Amino acid sequence: YKKKKSKKEEEEEEEYVVEKVLNRRVVKGKVEYLLKWKGFSNEDNTWEPEENLDCPDLIAEYLQSQKTAHEGKRKGSGDADGDESKSKKKKDDNEKLRGFARGLEPERIIGATDSTGELMFLMKWRNSDEADLVPAKEANVKCPQVVISFYEERLTWHSYPSEDEKKDDKN
Amino acid sequence: MPTKNAADERISKFKNKGKDPAKLREKRITECVELRKAQKNECFLKRRNITLSSLPDEEALSPDTDTVDFRIEDIIADVNDGSVEAQTRGCQAARKLLSKGRDPPLKEIVDAGLLSRFVSFLSMDDEPALQFEAAWAVTNIASGTSWHTQQVVEHGAVPALIKLLASPMLHISEQAVWALGNIAGDGPAYRDILIECNVIPALLAHISPDTPVGYLRNLTWTLSNLCRNKNPYPPVSAVQQLLPPLIQLFHLSDKHILCDACWAISYLTDGSNDRIDVIVKTGIVPRLVELMSHEEFCVLTPALRAIGNIVSGSDLHTQTTIDAGVLNVLPKLLRHKKATVQKEATWALSNIAAGHCKQIQQLITCGLLPPLVEVLRNGDFKTQREAVWTVTNFTSGGTAEQVVQLVQSGALEAIINLLQVKDAKVILIILEAINNMFTAAEKLGETEKLSLLIEELGGLERIEMLQNHENDVVYQATQNMIEKYFNSDVDGVQVDSTPNAFLFQTSDGQNTFKF
């Protein structure tokens with residue numbers, strides 16, 4: 001996209017390259033475009049008459065950008081049809097979380113039951129008086145040491161009286 | 001040694017070394033009772049979805065949460081007590097009052113001067129149970145009107161809540177997320193105060209593959225409130241900070257997360273073209289178009305709104321949506337059973353029709369004309385209004401041939417029927433469309449044919465009636481139109497008015513009129 005500009009002082013014609021068309025105006029009935037020159041700063045932008053120019057693509061691009069700027073496009077309706085997301089939410093009581101969902105640290109297991117169909121532990125949580133049931137499957141993964149302590153505390157050995165008597169006799 | 005003692009002795013060497021058997025037995029009984037109690041409660045909860053009372057001396061259940069009946073005087077006394085136990089009890093009672101389904105006493109709690117106590121509890125890191133109750137109470141107060149939220153902020157809750165985001169207890173930091181969401185949602189002023197207090201990095205720190213879904217839901221909602229509201233828009237730097245993780249959330253499939261993530265994007269695209277540009281550059285458009293087809297209405301709606309905003313941007317922005325397949329989704333949405341969806345889809349269509357003729361061509365190719373005509377005929381009024389804009393934009397930017405196709409699809413007939421509406425603005429838009437059609441007809445030398453077609457379709461009659469319209473602009477516009485295009489030469493010149501001949505074909509020898 002070039003434009004030839006002949007300077008009066010110089011014999012040769014110099015070529016300057018148009019980088020972009022920035023604006024349009026009509027002066028005394030003639031159309032002029034504001035041009036950004038390649039290799040020059042914005043301070044060097046100049047208005048040039050339409051007939052001097054040979055950059056139809058750049059002009060078309062500019063006109064197109066102007067067209068969509070004020071023709072047809074309509075911004076958001078902003079219609080709050082009640083479908084919008086709530087801006088504030090109240091937390092209701094039935095949201096109460098149980099078990100591990102409470103985000104508390106397991107302190108120790110204080111009981112076990114399988115009457116619900118699956119093995120459940122009664123968990124005492126750190127910093128809370130409220131114990132509740134958690135599935136053993138979940139506890140085994142999330143706090144295995146706590147589970148192991150629970151089982152260890154309750155290990156029983158079955159004794160055989162004859163063996164013990166023998167031992168006692170020896171003593 | 002007797003066998004009995006030997007057994008006892010041996011046992012004491014192992015598991016219960018050094019413990020008194022009588023005490024142990026007592027302990028076992030207590031644990032059994034607790035177990036049974038917990039099981040019973042579990043069963044009740046499953047059957048009736050009731051909450052467990054957790055006050056230490058209260059028996060198991062309160063079946064009806066609405067009869068929660070604490071006296072504010074008692075709460076005040078407890079909360080101002082020196083012991084943590086009393087404070088926790090009082091704070092929890094307040095929390096339960098504030099969580100009631102109907103008419104929670106937000107104002108009474110605030111007027112009782114309890115907010116400053118709650119805010120001080122927020123920073124007691126050694127008492128997480130108390131922190132949690134306080135955070136929940138503050139959340140619910142902040143969920144009220146602007147006045148309520150203002151009280152919360154003015155009592156200094158914001159810094160304390162932001163600190164709580166770093167709590168090692170997940171349920172506590174989550175509660176802080178929620179409370180902050182309520183504050184941000186109040187409006188741009190508080191939103192920007194939170195942003196200035198560096199809330200965004202503290203929130204983003206919680207996004208990880210291990211974060212529970214429930215937590216992410218609250219987080220996404222709070223982030224969306226930080227994107228929300230105009231006058232002013234959120235600062236560009238804040239948007240840039242939270243965009244990448246927000247985009248990450250779109251990979252998930254939880255409908256609540258997707259819903260709020262889409263709302264966030266819809267807020268961010270509701271503005272000038274440079275704001276839209278930032279969003280389009282993230283590459284999120286294809287995913288948004290995909291979510292326009294989501295089975296859940298709560299996801300579809302904000303996705304459609306976001307895309308609608310994007311196509312109100314530049315031609316380039318619009319092209320991105322077309323390339324992502326939006327024109328394949330729109331026909332379905334134009335026929336959606338919900339009127340609001342039809343309306344929003346038609347609005348989006350109207351903005352696509354305001355693009356350049358290549359995009360208009362894509363509209364035609366992807367079969368958007370039939371559903372457009374359907375909504376022109378059968379849509380509810382708000383949808384019809386958007387459809388009329390679509391027609392006008394189409395006729396303005398389309399080539400003459402494209403306008404012919406539009407007319408052939410039945411759109412002209414449909415808008416003529418809409419000339420009877422009361423809304424003057426709509427009438428003017430329709431008249432503009434018809435004017436544009438005449439401009440296209442001029443290029444093809446077929447203006448007379450168009451005039452005759454309009455007359456055939458009952459349009460001339462309607463336009464003539466509009467000359468009596470109370471609105472000056474309408475009256476002027478119709479007058480101009482009749483003068484320009486319907487001034488028939490009354491000297492009995494025969495007009496060839498074969499039906500269906502108005503196909504804008506270049507014809508010879510039929511031009512007998514002069515304008």
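This short presentation concerns charged side chains in the structure shown above.

Colleagues, please bear in mind that this is a predicted model. I shall begin with the pairs of opposite charge. As a general point, side chains of opposite charge can pair when their charged atoms come close. Across all chains, a search of the whole structure finds 24 salt bridges.

Let us take chain A. Lys36(A) forms a salt bridge with Glu19(A), with the closest N and O atoms 3.4 Å apart. Lys36(A) lies in strand S3 and Glu19(A) in strand S2, so this pair ties together parts that are 17 residues apart in sequence. How buried or exposed are the two partners? Lys36(A) is buried, at a relative accessible area of 12%, whereas Glu19(A) is partly exposed, at 39%.

A further salt bridge in chain A joins Asp92(A) to Lys90(A), at 2.5 Å from N to O. Here Asp92(A) is partly exposed, with 28% relative accessibility, and Lys90(A) is partly exposed as well, with 25%.

I turn now to chain B. Arg191(B) and Asp192(B) meet through their side chains in a salt bridge of 2.8 Å, N to O. Both Arg191(B) and Asp192(B) are buried. In addition, Arg71(B), Glu73(B) and Asp74(B) are joined into one network by salt bridges that share partners.

Finally, I come to a surface feature. Which residues form the negative surface patch? They are Glu455(B), Glu456(B), Glu461(B) and Glu464(B). Helix H28, residues 447–456, and helix H29, residues 459–465, both of chain B, each give two or more residues to the patch. Glu455(B), for instance, has its place in helix H28 and counts as partly exposed, at 43% relative accessibility.

Thank you for your attention.

Notes. Residues are numbered from 1 along each chain as its sequence is written. Chains are lettered from A and ligands numbered from 1 in the order in which they are written. This is a predicted model: local features need pLDDT of at least 70, side-chain atom pairs count only at pLDDT 80 or more; totals for chains, interfaces and linings use all residues. Side-chain values use heavy atoms; hydrogens and water are left out. Patches are made of residues with over 30% relative accessible area and no salt bridge: like charges are joined within 9 Å, nonpolar side chains (Val, Leu, Ile, Met, Phe, Trp, Tyr) within 5 Å. Accessible areas come from the Shrake-Rupley method with a 1.4 Å probe; for residues, only the protein chains shown count as cover. A salt bridge is a side-chain nitrogen of Lys or Arg within 4 Å of a carboxyl oxygen of Asp or Glu. Lys and Arg count as positive and Asp and Glu as negative; His and the chain ends are not counted. The place of a charge is taken as NZ of Lys, CZ of Arg, CG of Asp or CD of Glu. Helices (H or I, at least four residues) and strands (E, at least two) are DSSP runs, numbered from the N terminus. Buried means under 20% relative accessible area, exposed over 50%, partly exposed in between (1.4 Å probe, protein chains only).
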